[in-house]
Amino acid sequence: MKHDTHLEAKTLGIGKAIAVLTSGGDAQGMNAAVRAVVRVGLFTGARVFFVHEGYQGLVDGGDNIKEANWESVSMIVQLGGTVIGSARCKDFLERPGRLQAACNLVKLGITNLCVIGGDGSLTGADTFRAEWSSLLAELQKDGKITEEEAKKSSYLNIVGLVGSIDNDFCGTDMTIGTDSALHRIIEIVDAITTTAQSHQRTFVLEVMGRHCGYLALITSIACGADWVFVPECPPDDDWEDHLCRRLTETRCRGSRLNIIIVAEGAIDRHGKPITSEYIKDLVVKRLGYDTRVTVLGHVQRGGTPSAFDRILGSRMGMEAVMALLEGTPDTPACVVSLCGNQAVRLPLMECVQVTKDVTKAMQNKKFDDAMKLRGRSFQNNWDVYTRLAHVKAPVINQFKNVVAVMNVGAPAAGMNAAVRSSVRIGLIQGSQVLVVHDGFEGLAKGQIEEAGWTYVGGWTGQGGSKLGTKRTLPKKLFKEISANITKFKIQGLIIIGGFEAYTGALELMEGRAKFEELCIPYVVIPATVSNNVPGSDFSVGADTALNAICMTCDRLKQSAEGTKRRVFIIETMGGYCGYLATMAGLAAGADAAYIYEEPFNIHDLQANVEHLVQKMKSTVKRGLIVRNEKCNENYTTDFIFNLYSEEGKGIFDSRKNVLGHMQQGGSPTPFDRNFATKMGAKAMTWMSTKIQENIRNGRVFANSPDSACVLGMRKRALIFQPLSDLKEETDFEHRIPKEQWWMKIRPLLKILAKYDTDLDTTEHAHLEHVKRMSGESTSP
């Protein structure tokens with residue numbers, strides 16, 4: 001639904017009422033979605049109602065359907081579960097239950113329903129909508145509603161948001177709650193890994209996912225598991241022998257532990273369940289390894305939502321309100337979802353149908369069909385997993401080519417995962433893989449060594465940069481670098497890093513004119529907490545930094561909640577790039593986020609102070625301000641702190657926190673582990689092809705623009721973009737891309753903080769069809 005006109009969003013909802021409910025199993029991030037629906041709804045002038053206890057509340061009515069105000073959703077963005085409650089409801093499955101629900105909505109004048117739940121909940125909503133006219137007719141006939149009431153509520157708009165930790169809904173890359181569930185799983189896997197290594201144990205971990213192996217699959221990529229069992233792709237009939245052989249090989253290569261991940265719905269080719277206990281008994285009986293089973297259970301649903309889920313819930317909540325208010329009797333009930341990095345609207349029943357088709361395909365043992373129906377994102381993840389896990393490290397006498405891998409710039413969590421997958425995919429393809437220590441400086445000094453299969457063992461979950469990384473650029477070292485490229489016979493270079501990696505690669509490319517040795521292919525994998533590399537919407541490491549900031553903001557808000565009338569001013573990293581400040585502001589529920597890309601002056605600062613003064617008169621007596629480190633050279637963190645302290649005298653007191661290098665540390669989040677692994681694998685595959693394409697008379701000569709690229713996530717796909725093309729898109733002075741996608745999310749941050757702002761509704765998603773969707777995913 002693209003709009004030709006700029007609709008006035010602030011009046012879009014006047015005279016309309018929206019109800020929001022959460023149904024089915026709970027998922028972390030539902031609260032962020034509820035909060036966004038309420039606040040964006042109120043911003044548009046609509047009335048918004050909570051429906052407590054899911055469909056049961058809709059049927060029971062009374063106090064279960066309550067009008068919400070701004071403050072009703074304060075301090076909920078960081079809470080797991082759903083504050084408005086969820087319940088399985090048998091009454092709604094029967095027509096009399098739906099009749100009562102319709103009556104309750106009509107009496108309150110509610111004709112817009114936002115349902116947050118899984119496929120069962122959304123199917124129920126669609127049935128409700130299809131029956132709406134006949135329900136009203138019956139209610140009118142029975143004298144329960146008047147003709148005028150029926151006319152006012154003549155049609156019902158329904159928009160679904162998928163909240164499910166299993167990520168089992170077709171048509172959406174990531175459902176609300178999936179990323180948080182992965183956080184819980186990975187925390188446990190990391191903890192188990194240390195004890196397993198101490199005792200040389202084998203661990204069998206069972207994760208949720210009755211009909212969907214997504215959690216199991218991503219976990220296995222994120223922890224480098226030896227084997228994964230998922231319902232969509234059962235193992236071959238001789239899997240027991242194969243599994244034991246794999247575990248033995250891993251131990252023979254020097255590993256002190258084995259990890260096997262099992263989805264609770266895992267089956268064999270004949271549809272017989274494969275249980276974690278069965279696997280344990282098999283390993284003990286055949287191999288005699290000390291084996292333990294851990295069933296993760298409901299831990300996966302619990303805990304605080306990740307930054308990704310908070311932002312996803314908030315973005316989807318806003319999109320849902322827009323979809324509802326723009327709906328007509330002719331628009332089909334739709335689901336708001338994420339494809340790549342884009343919000344999309346999809347016909348609800350198309351998604352439900354494909355989701356049911358997957359289950360049916362598995363029941364009919366058509367497993368290839370089930371994999372296809374799951375979508376490109378699931379298949380890409382499966383391909384990466386099988387390439388990294390299902391291969392014996394090859395024994396090679398003659399290498400096909402020589403590729404060097406290096407880290408450049410500041411450390412970022414996930415760099416090691418990218419190095420690991422690059423090295424292993426390279427070895428599988430028959431390349432000799434060299435690793436360079438300490439960036440371009442190490443390349444110039446010859447700090448280069450060969451990496452074998454076990455060299456990168458266990459690297460996926462480790463933070464920082466194991467190879468060492470420096471900010472030195474290569475321009476002044478061309479002579480030494482060229483000599484080492486010749487000495488070590490390097491035919492291609494994979495550069496993993498931030499803006500220095502990007503500018504360094506550009507320098508190497510420009511150096512090709514003078515130094516023939518530099519005429520080899522280069523590829524840059526963006527890895528920096530700042531997320532400021534041109535050519536990619538995301539960088540490896542930014543998600544981990546965002547979660548670190550969120551955790552601190554949550555704690556500070558909690559402190560302010562206790563002391564009352566307190567405002568925290570937090571400084572984030574990012575150089576001139578406001579990504580971290582904006583996204584952390586959105587995920588933590590900040591009142592303002594100051595960034596370089598959106599210039600501000602003393603009047604804006606004054607308006608923000610005044611806004612907080614008004615806020616202190618409400619029941620929400622605390623404030624959170626995020627400031628990017630280089631947003632303004634004069635309005636420093638100290639200046640803003642002093643200004644707020646002076647202006648807030650007697651009304652609120654201020655505190656400041658500079659977060660510093662803790663944002664670069666910590667072990668990588670599941671998103672960063674998975675993203676880095678995929679990027680490393682894709683970069684190395686591209687590199688092997690490029691080297692073969694550019695061999696002239698037995699040696700590599702690559703001089704074309706497409707032989708020096710950035711591999712980046714753009715909207716819906718991972719694509720290679722020539723550095724020479726990206727040069728035009730770069731602001732080199734401030735080390736940022738000239739255009740940044742997340743700037744379009746800034747108005748949402750302001751709306752959620754109760755600012756009167758313009759919202760450009762022309763940017764909203766239009767209705768698509770599931771069948772035509774393709775692309776890689778931002779999903780971990």
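**Entry 1: a pair within one helix**

I began with helix H15, which spans residues 439-445, and noted that Glu-441 and Lys-445 both lie in it, four residues apart, or about one turn of the helix. The model I am reading is a predicted one, and in it the side chains of these two residues meet in a salt bridge, at 3.4 Å from N to O. I then looked up the accessibility of Lys-445 and found 58% relative accessibility, which counts as exposed because the cut-off for that class is over 50%.

**Entry 2: Lys-615 and Asp-591**

Next I turned to Lys-615, whose side chain meets that of Asp-591 in a salt bridge at 2.7 Å, N to O. This pair links distant parts of the chain, since Lys-615 is in helix H20 (residues 602-615), while Asp-591 sits in the loop between helix H19 (579-588) and strand S18 (592-594), 24 residues apart. I checked burial for each partner: Lys-615 has a relative accessible area of 17% and is buried, and Asp-591, at 4% relative accessibility, counts as buried too. Following on from these pairs, I found that Arg-95, Arg-98, Glu-131 and Glu-138 are joined into one network by salt bridges that share partners.

**Entry 3: Arg-374 and Glu-232**

The structure holds 31 salt bridges, and I picked out one of them, in which the side chains of Arg-374 and Glu-232 meet at 2.6 Å, N to O. Arg-374 lies in helix H12 (residues 367-374) and Glu-232 in the loop between strand S7 (227-229) and helix H8 (239-252), so this pair ties together parts that are 142 residues apart in sequence. I recorded both Arg-374 and Glu-232 as buried.

**Entry 4: the seven-stranded sheet**

I then traced an open sheet of seven strands and wrote down its order as S3-S2-S1-S4-S5-S10-S11, with mixed pairing. Its edge strands, each pairing on one side only, are S3 (65-67) and S11 (342-347), and from one strand to the next the twist averages 25°.

Within the sheet I looked at how strand S1 (residues 17-22) is joined to strand S4 (residues 112-117): the two run parallel, and five bridges connect them. For Val-20, I found that the bridge partner in S4 is Cys-114.

**Entry 5: a helix across the sheet**

Last, I followed helix H10 (residues 307-326), which lies across S1, S4, strand S5 (157-162), strand S10 (334-339) and S11. Relative to S10, I noted that helix H10 runs at about 140°.

Definitions and conventions:
Residues numbered from 1 in each chain as written. Predicted model: local features only at pLDDT ≥ 70, side-chain atom pairs only at ≥ 80, totals over all residues. Heavy atoms only, no water. Pairing = 2+ DSSP bridges. Axes fitted to C-alpha atoms, helices over the stretch in contact; angles between N-to-C directions. Contact = heavy atoms within 4.5 Å. Salt bridge = Lys/Arg side-chain N within 4 Å of Asp/Glu carboxyl O. Buried < 20%, exposed > 50% of the residue type's maximum accessible area, 1.4 Å probe, protein only.
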